[in-house]
Amino acid sequence: MHAFTALTGLVAPLDRANVDTDAIIPKQFLKSIKRTGFGPYLFDEWRYLDRGEPDMACSGRPVNPDFVLNQPHYQGAKILLARENFGCGSSREHAPWALVDYGFRVIIAPSFADIFYNNCFKNGLLPIVLDSVVVAALFQEIVPGYRLTVALAEQTITTPGGLEIPFAVDEARKHRLLHGLDDIALTLQYAEKIKAYELARAKRAPWLFVNGQL
């Protein structure tokens, strides 16, 4: 997982509330568990005018010109601005996979579904909760080329005009993102202790092990 420290990125405004995970990555794409390759299908039913299928080449598909991510001045956006209850619906981890694979590193919204919110931190995506009034003000500010600077260590968002907006984040989750630690990497920090425990356990209960293996 890539570490997240600070980012100055283009902002794409998704002016919708209750964006569910089936809208983020439709169910037909859930067959793969590789974590990569989902970016072209992000918001598939909104981005394209036909139905997407796994392994379908997207380069020749008809696109919806009214959808924000298809508009030229939002190409390369790293920050997604959304409304209330982003990531509701099913618990599919493919949703943050698709957002990260597309190129997003930050999602800003007044609220998130709990499971989606947790999954973001496990996949290098920073979900930021701001008051709905502040989010509404950011929507009003956005013009083509609008960028925000997000500093995780300082827990601030800085607007082009220099306004600093503080945000809250759990210290343990902040640590994970700053150091690029997913669940496996967190566990491997204790590899020597785990190995020592298993060796001691093999001596205490050798009948549980065959040739030293559990």
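Modeller: Before we start: this is a predicted model, and buried here means under 20% relative accessible area.

Colleague: Fine. Why does Arg 92 count as buried?

Modeller: Its relative accessibility is 15%, and the cut-off is under 20%, so Arg 92 counts as buried. You'll find Arg 92 in the loop between strand 2 and helix 3 (94–102).

Colleague: What is Arg 92 in contact with, apart from its neighbours within four places in sequence?

Modeller: Thr 21, Asp 22, Ile 25, Pro 26, Lys 27, Leu 30 and Asn 119.

Colleague: And how do you know that the side chain of Arg 92 reaches the backbone oxygen of Ile 25?

Modeller: The distance is 2.8 Å, and a polar contact needs N or O atoms within 3.5 Å. That pair passes.

Colleague: On to helix 5. What makes you say that Val 135, Leu 138 and Phe 139 are on the same side?

Modeller: These three are the buried residues I'd point to in helix 5 (residues 132–141). They span an arc of only 100 degrees around the axis, which puts them on the same side of the helix. It fits the general rule: an α-helix has 3.6 residues a turn, so residues three or four places apart point the same way.

Colleague: Which exposed residues sit on the face turned away from the buried side of helix 5?

Modeller: Val 133 and Gln 140.

Colleague: Why is Asp 131 called a cap of helix 5?

Modeller: A side-chain oxygen of Asp 131 lies 2.8 Å from the backbone nitrogen of Val 133, at the N-terminal end of the helix. Set that against the 3.5 Å limit for a polar contact, and the cap holds up.

Colleague: Now the sheet. What is the order of its strands?

Modeller: It's an open sheet of seven strands, ordered 4-3-2-1-5-6-7, with mixed pairing.

Colleague: What makes strand 4 and strand 7 the edges?

Modeller: Strand 4 (126–129) and strand 7 each have a single partner strand, so one side of each is left without a neighbour in the sheet. On average, neighbouring strands are turned by 30 degrees against each other, direction ignored.

Colleague: How do you know that strand 5 and strand 6 pair?

Modeller: Pairing takes at least two bridges, and three join strand 5 to strand 6 (residues 156–158), running antiparallel. As for bridge partners, Thr 149 has Thr 158 in strand 6.

Colleague: And where does helix 5 touch the sheet?

Modeller: On strand 1, strand 2, strand 3, strand 5 and strand 7, with its direction at about 110 degrees to that of strand 2.

Technical notes: Residues numbered from 1 in each chain as written. Predicted model: local features only at pLDDT ≥ 70, side-chain atom pairs only at ≥ 80, totals over all residues. Heavy atoms only, no water. Buried < 20%, exposed > 50% of the residue type's maximum accessible area, 1.4 Å probe, protein only. Helix = DSSP H or I, 4+ residues; strand = E, 2+ residues; numbered from the N terminus. Arc of directions from axis to C-beta. Polar contact = N/O pair within 3.5 Å; in protein donor to acceptor, adjacent residues only side chain to side chain. Contact = heavy atoms within 4.5 Å. Axes fitted to C-alpha atoms, helices over the stretch in contact; angles between N-to-C directions.
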